[in-house]
Amino acid sequence: MKKTIRVLIAKPGLDGHDRGALVISQALRDYGMEVIYTGLRQTPEQIASAAIQEDVDAIGLSCLSGAHNELFPEVMRLLQERGADDIIVVGGGVIPWEDIPFLESKGIKKVFTPGTPTIETAEFIEKTVFERDGISSSKVSATPPERIDHIGIAVSSLDETLPFYVNQLGLTLEAIEEVPSQRVKVAFIKIGETRLELLEAMSDDSPIAQFIEKRGQGVHHVALGVSNIQSRIEELKSNGIKMINEAPVIGAGGAQVAFMHPSSSHKVLFELCEKSKKEEA
């Protein structure tokens with residue numbers, strides 16, 4: 001039988017508005033969780049006491065007043081003091097991105113910024129509680145890429161562009177290769193632990209030619225190094241990411257590659273890249 005997760009939603013401090021807290025409370029109920037909403041103007045002491053008394057799995061803190069850096073850590077301190085630091089705590093509200101690392105360092109598992117889909121919050125709470133309890137979850141956790149493999153730069157002419165990178169910047173040209181499947185010629189330039197790939201179209205119908213015609217020369221894509229690329233594709237698709245390539249294709253250097261659709265990645269073209277054994281060697 002599937003575990004029913006109990007969540008306490010609380011508004012610490014002097015906030016006078018709770019529409020967001022009510023929305024997330026209903027969304028979590030719709031997802032199948034039991035939700036206790038404590039109401040407005042709760043102190044950290046009241047929140048910690050209610051969470052322990054109600055034997056909840058998770059606490060959702062919502063703050064609009066700007067006092068999150070004081071209130072959220074105090075809730076964490078009280079839970080730890082009372083031996084209840086196994087309760088998962090997440091946060092939301094009007095919280096600047098620059099404050100998130102501090103809150104996470106204090107034990108907040110995740111901070112959800114305005115506009116986050118409620119289903120994302122529900123799935124995160126479920127996944128995190130199940131992981132804590134050693135319960136298998138059907139949700140797929142996002143596996144971070146291992147590195148930035150390369151940055152692709154669209155250029156009109158390698159002959160005209162390479163002198164800048166090699167002579168002016170002093171970088172090393174490793175090789176030049178044609179990739180017929182993409183109708184592109186690629187120059188590999190080493191820079192630290194990663195590289196730049198200069199991309200010159202080999203025909204007018206090449207994606208690079210179309211990119212330059214529409215946007216001009218410049219950064220075309222960011223390649224993320226991964227292992228087991230097909231599994232990564234399936235993982236991204238299961239998490240709602242649209243893929244241009246639903247199966248890997250052979251790219252430069254014999255690597256297996258697949259592109260995410262920019263509509264799913266905030267207009268940035270990301271490429272998954274799994275190097276060939278020969279290239280890794």
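**View 1. Gln 256 of strand E12 has Glu 274 as its bridge partner in strand E13****.**
Strand E12 (residues 256-259) and strand E13 (residues 270-274) run antiparallel and pair over 4 bridges. Two strands count as paired here if DSSP finds at least two bridges between them. Strands (E, at least two residues) and helices (H or I, at least four) are DSSP runs, numbered from the N terminus. Before going on, a word on the model: it is predicted, so to speak of local features takes a pLDDT of at least 70, side-chain atom pairs count only at pLDDT 80 or more, and totals for chains, interfaces and linings use all residues. Residues are numbered from 1 along each chain as its sequence is written, and side-chain values use heavy atoms, leaving out hydrogens and water.

**View 2. An open sheet is built from 8 strands****.**
Follow the order E7-E8-E9-E6-E10-E13-E12-E11 and you'll cross the sheet, whose pairing is mixed. Strand E7 (172-179) and strand E11 (249-250) are the edges: each has a single partner strand, so one side of each has no neighbour in the sheet.

**View 3. Helices H6 and H8 meet the strands****.**
Helix H6 (residues 158-168) packs on the sheet and touches strands E6 (147-155), E7, E8 (184-191) and E9 (194-201). A contact means heavy atoms within 4.5 Å. The direction of H6 makes about 160 degrees with that of E9. Helix H8 (residues 229-238), for its part, lies across E12 and E13, at about 150 degrees to E13. These angles run from 0 to 180 degrees between N-to-C directions, with axes fitted to C-alpha atoms, for helices over the stretch in contact.

**View 4. Thr 128 sits in helix H5 (residues 118-133)****.**
At 10% relative accessibility, Thr 128 is buried. Buried means under 20% relative accessible area, exposed means over 50%, and partly exposed is in between (1.4 Å probe, protein chains only). Setting aside residues up to four places away in sequence, Thr 128 touches Ile 88 and Lys 109.

**View 5. Asp 133 and Lys 3 join their side chains in a salt bridge****.**
The N to O distance is 3.6 Å. Asp 133 belongs to helix H5 and Lys 3 to the segment before strand E1 (6-10), so the pair ties together parts 130 residues apart in sequence. Asp 133 is partly exposed at 32%, and Lys 3 is partly exposed too, at 30%. For a salt bridge, a side-chain nitrogen of Lys or Arg must be within 4 Å of a carboxyl oxygen of Asp or Glu. By that rule, the count comes to 19.

**View 6. Asp 149 and Lys 275 link distant parts of the chain****.**
Their closest N and O atoms are 3.7 Å apart, making a salt bridge. Asp 149 is in strand E6, while Lys 275 is in the loop between E13 and helix H9 (277-280), 126 residues apart. Asp 149 is buried at 3%, whereas Lys 275 is partly exposed at 25%. Both belong to a network of salt bridges that links Glu 146, Arg 147, Asp 149, Arg 232 and Lys 275.

**View 7. Arg 195 and Glu 197 form a salt bridge****.**
Here the closest N and O atoms are 3.2 Å apart. Which is it for these two, buried or exposed? Arg 195 is buried, and so is Glu 197.

**View 8. Cys 63 is a buried cysteine, at 0% relative accessible area****.**
Cys 273 is buried as well, at 2%. A search of the whole structure finds 0 disulfides, a disulfide being a pair of cysteine sulfur atoms within 2.5 Å.
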